[in-house]
Amino acid sequence: MTMRSLSRRERRIAVLAGACLVSTVLYVCVVEPYAKDLYAAHKRAQQAQSEVDRLAILIANRDTIAAEYARVKGAMSTAATEHQMTVALLEEVDKAARSAGLQLINVKPLTSQEHGTFWRFGLELQTQCEAHQLVEFLQIMQAPDHMLRAGLIAVTVGRGEPPLAVTFKIDKLAKLER
């Protein structure tokens with residue numbers, strides 16, 4: 001069967017079907033892959049622009065970042081032995097406890113743990129205190145110049161004076177000179 005043998009109406013339908021088929025193949029084989037590539041390129045460009053913006057912010061804040069690094073480096077303790085670091089940590093915690101009006105009842109050193117080039121030193125502390133004393137002590141411990149991490153283990157509310165019996169852990173990262 002040839003196109004000439006078809007009626008005028010059938011030829012139009014055949015031409016339209018052929019045009020639809022050609023446009024579908026063109027879309028699937030050319031337009032859609034190009035659009036996907038274009039979308040992927042746009043997404044990569046957005047990610048690159050985000051990275052450039054992030055780096056520009058870092059460059060703009062380099063003095064602040066350098067000052068923060070120097071502060072943290074200065075606050076990071078360095079000691080020759082684990083014993084020296086534990087003693088230094090104990091002195092730091094005792095000084096903070098005295099300034100908060102906190103009396104430490106029991107202090108127990110925890111096992112030191114190695115973390116890459118740093119060591120984590122810790123103490124388990126027990127005290128009886130008022131709530132405001134505990135809050136003040138924990139605020140001192142969390143201050144940026146101490147580089148300490150405090151975590152509550154147990155708080156017991158009693159009827160006597162002082163009303164709180166508290167057990168908590170303080171730890172610090174330090175670099176040992178070896």
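In which strand is the place of Asp171? Before selecting anything, note that the model on screen is a predicted one.

**Stop 1: strand E6.** Select residues 164-176, which make up strand E6, and you will find Asp171 among them. Asp171 is buried, its relative accessible area being 5%; this value falls under the 20% cut-off that defines a buried residue. Now add Arg120 to the selection and display both side chains, since a polar contact of 3.4 Å joins the side chain of Asp171 to that of Arg120. Staying in strand E6, move to Ala174, which is buried with a relative accessible area of 0%. From Ala174, draw a distance to Gln84: the two residues are 90 residues apart along the chain, and their C-alpha atoms are separated by 11 Å.

**Stop 2: helix H3.** Next select residues 82-100, the 19 residues of helix H3, and compare the length with expectation: at 1.5 Å a residue the helix should span 27 Å, and the C-alpha atoms at its ends are indeed 27 Å apart, which agrees. Colour Met85, Thr86, Leu89, Glu92, Val93, Ala96, Ala97 and Ala100, which are the buried residues of H3. If you then turn the view to look down the axis of H3, these buried residues fall within an arc of 135 degrees, so they line one face of the helix. Give a second colour to His83, Glu91, Lys95 and Arg98, which are exposed and lie on the other side of H3. Just after the helix, pick Gly101, whose phi is positive, at about 75 degrees.

**Stop 3: helix H1.** Which residues should be selected to see a nonpolar patch on the surface? Select Leu26, Tyr27, Val28, Val30 and Val31, which form this patch and together have about 440 Å² of accessible area. One of its members, Tyr27, has its place in helix H1, which runs over residues 8-60. Tyr27 is partly exposed, with a relative accessible area of 45%, a value in between the 20% and 50% cut-offs.

**Stop 4: strand E5.** Finally, select residues 148-157, which form strand E5, and centre the view on Gly151 within that strand. Is Gly151 buried, partly exposed or exposed? Gly151 counts as partly exposed, at 29% relative accessibility. To close the tour, draw a distance from the C-alpha atom of Gly151 to that of Ala40: these residues are 111 residues apart in sequence and 46 Å apart in space.

Notes:
Residues are numbered from 1 along each chain as its sequence is written. This is a predicted model: local features need pLDDT of at least 70, side-chain atom pairs count only at pLDDT 80 or more; totals for chains, interfaces and linings use all residues. Side-chain values use heavy atoms; hydrogens and water are left out. Helices (H or I, at least four residues) and strands (E, at least two) are DSSP runs, numbered from the N terminus. The expected span of a helix is 1.5 Å times one less than its number of residues. Buried means under 20% relative accessible area, exposed over 50%, partly exposed in between (1.4 Å probe, protein chains only). The arc is that of the directions from the helix axis to the C-beta atoms. Patches are made of residues with over 30% relative accessible area and no salt bridge: like charges are joined within 9 Å, nonpolar side chains (Val, Leu, Ile, Met, Phe, Trp, Tyr) within 5 Å. Accessible areas come from the Shrake-Rupley method with a 1.4 Å probe; for residues, only the protein chains shown count as cover. A salt bridge is a side-chain nitrogen of Lys or Arg within 4 Å of a carboxyl oxygen of Asp or Glu. A polar contact is a pair of N or O atoms within 3.5 Å; within protein, one must be able to donate a hydrogen and the other to accept it, and residues adjacent in sequence count only if both atoms are side-chain atoms.
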